[in-house]
Amino acid sequence: MSDNDDFFDRVYSVTRLIPFGKVTSYGAIAAAIGSPGAARMVGWALNKSLSQTPFVPAHRVVNRNGILSGKHYFGGSNTMQELLENEGVKVVDDKIVDFKLIFWDPKSEL
């Protein structure tokens, strides 16, 4: 197993814990797994998560400003937004409405 595999597995484990109807950020996941500053690598891991079992709810991870910066990796241009809206998360112009209210911080929650 490579270091990347271990990192990706830790990202997937935390991402699977994000509660339904909540969101977190790439940086928050990076900090929670002991790799602050590795937000971009968290994004790379999540871009590869679609084939993982069990399911990784990568749609619940946005950038630090609540913007759906990873939406292009979900096939359709609105798929990420639709998945979030199915969970009751309101999105306007590719940005989470009430981001701070529904933000889940894995470092303080785990």
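Which residues form one aromatic cluster with F8? Before you look, keep in mind that the structure on your screen is a predicted model. Now select F7, F8 and Y12 together, and you will have the whole of that one aromatic cluster highlighted.

Stay with the aromatic rings for the next stop. A search of the whole structure finds three aromatic pairs. To look at a pair formed by F99 and F103, select these two residues and turn the view until both rings can be seen: their centres are 5.5 Å apart and their planes meet at 70°, and because an angle over 60 degrees counts as edge-to-face, this pair is given that name. Colouring by accessibility adds something to the picture, since F99, at 14% relative accessibility, counts as buried, whereas F103, at 28%, counts as partly exposed.

Next, select helix 3, which covers residues 39-47, and mark V42, G43, A45 and L46, which are buried. If you then turn the model so that you look down the axis of helix 3, the buried residues fall within an arc of 160°, and therefore they line one face of the helix.

For the last stop, select K71, which you will find in the loop that runs between strand 2 (61-62) and helix 4 (79-85). Is K71 buried or exposed? With a relative accessible area of 14%, K71 is buried, because the limit for that word is under 20%. To see what surrounds this residue, show G76, S77, M80 and D94 as well, for K71 touches these four when residues up to four places away in sequence are not counted.

Note on methods: Residues are numbered from 1 along each chain as its sequence is written. This is a predicted model: local features need pLDDT of at least 70, side-chain atom pairs count only at pLDDT 80 or more; totals for chains, interfaces and linings use all residues. Side-chain values use heavy atoms; hydrogens and water are left out. Rings of Phe, Tyr and Trp (its six-membered ring) pair if their centres lie within 6.5 Å; planes under 30 degrees apart count as stacked, over 60 as edge-to-face and the rest as tilted. Buried means under 20% relative accessible area, exposed over 50%, partly exposed in between (1.4 Å probe, protein chains only). Helices (H or I, at least four residues) and strands (E, at least two) are DSSP runs, numbered from the N terminus. The arc is that of the directions from the helix axis to the C-beta atoms. Contact means heavy atoms within 4.5 Å.
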